[in-house]
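Here is a walk through one model, one DNA strand at a time. Keep the viewer open as you read.

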There are 2 protein chains.
Amino acid sequence: MQVRFASALDQILELSVLLNDDMARDLERRGLTRSRVHVLWLVHHHGPMTQRALADAINVSARNVTGLVDGLAHTGFITREPHPSDRRATLVTLTDRGTATALNLEREHGQFARMLFGDMPGHQFDGFTTGLDHVLTALRKATASI
Amino acid sequence: MQVRFASALDQILELSVLLNDDMARDLERRGLTRSRVHVLWLVHHHGPMTQRALADAINVSARNVTGLVDGLAHTGFITREPHPSDRRATLVTLTDRGTATALNLEREHGQFARMLFGDMPGHQFDGFTTGLDHVLTALRKATASI
DNA sequence: TATTGTTATACTCTATAACTATA
DNA sequence: TATAGTTATAGAGTATAACAATA
């Protein structure tokens, strides 16, 4: 059983690498990276946010957010707008292009999921997600206790 | 169903992030990174290798391997040995510490897998790995065709 | 001529620390 | 005094291009 456990973990890791590489390749075509998309995603879902809020959400330093926002602003996905009541802060806001890109990513995310699971028998898909839930719960617990 | 597919993909991605963060934290304690461990791992399993072979195995530039090997050599996990028949090449070789570390990582990999799957009912584990196989196959096919 | 690995240069993500402008 | 974001500095991973030594 030990071996089967280790193999399953290896498979998850391979899956993780393949997914990561595949997404990175896709994003690169549009001049994006995973980290920058994370910002795009958050602003798309929460609306205009301060850099501080972004840093807390991504769990990254304020300095890092400055760099990510610089990159996204420079490539036209977002703008920095003044905060209406706090002159220290800026509101990271999506441009039209940023919004369109976020919507596209959302759509492609769904297409990608269909490609992965679409031809899987229903009971198999259910079994997979049940196991996935279990693993995720175990891992969340282990991670939280650190 | 669309939504269930997308949620399952989200779960896989969350799993991927948690695993990655957890491993990175662990490795950092020993002065290692994912990329460097990849090198350590390959040399541990294949025996002494040229940097060219490492670059091909990791799918990374020769320049990048120089940096990774520099780091691992500097921290005492590997040494560069002369190639017996090709004076252009070097053989990346594990030190005792490098070998001991690789063996430890291997052991902890098994422990980690047991933590993730150990308390999962047998049939559930089977269902999970079956689905995982399916997803991995679909993804490998999609990735290969690029 | 082709290959191995290095130096030179550059970009991205990440961090801490010091500093400015505001709260 | 505390907070938001910047500049300064640094390390890691990644890339291409030019180059030296060797095949």
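How do the residues of the surface near DNA strand D divide into nonpolar, polar and charged? In this predicted model, the split is three nonpolar, nine polar and nine charged.

Stay with DNA strand D. It is surrounded by 21 residues, and the closest are A:Arg52, A:Thr66, A:Arg88, B:Thr33 and B:Asn64. Helix 3 (51-58) and helix 4 of chain A each supply at least two residues of this surface, as do helix 2 (34-46) and helix 4 of chain B. Helix 4 of chain B gives the most, with three residues.

Now look at what is touched. Of the atoms of DNA strand D within 4 Å of the protein, 74% belong to sugar or phosphate. The rest belong to bases. A polar side-chain atom of B:Thr33 lies 2.2 Å from a phosphate oxygen of the strand. For the side chain of A:Arg80, an N or O atom is 3.1 Å from a phosphate oxygen. B:Asn64 places a side-chain N or O atom 2.8 Å from a sugar or linking oxygen.

Turn to DNA strand C. Here 22 residues surround the strand, with A:Thr33, A:Ser61, B:Arg52, B:Thr66 and B:Arg88 the closest. By class, there are four nonpolar, nine polar and nine charged residues. Sugar or phosphate accounts for 75% of the strand's atoms within 4 Å of the protein. The side chain of A:Asn64 has an N or O atom 2.9 Å from a sugar or linking oxygen. A polar backbone atom of B:Thr90 is 3.0 Å from a phosphate oxygen. A base is reached too: a polar side-chain atom of B:Arg63 lies 3.3 Å from a base nitrogen of DNA strand C.

How values were computed: Residues are numbered from 1 along each chain as its sequence is written. Chains are lettered from A and ligands numbered from 1 in the order in which they are written. This is a predicted model: local features need pLDDT of at least 70, side-chain atom pairs count only at pLDDT 80 or more; totals for chains, interfaces and linings use all residues. Side-chain values use heavy atoms; hydrogens and water are left out. A residue is near a molecule or strand if one of its heavy atoms lies within 4 Å of it. A polar contact is a pair of N or O atoms within 3.5 Å; within protein, one must be able to donate a hydrogen and the other to accept it, and residues adjacent in sequence count only if both atoms are side-chain atoms. Ala, Val, Leu, Ile, Met, Phe, Trp, Tyr, Cys and Pro count as nonpolar, Asp, Glu, Lys and Arg as charged, and the others, Gly among them, as polar. Helices (H or I, at least four residues) and strands (E, at least two) are DSSP runs, numbered from the N terminus.
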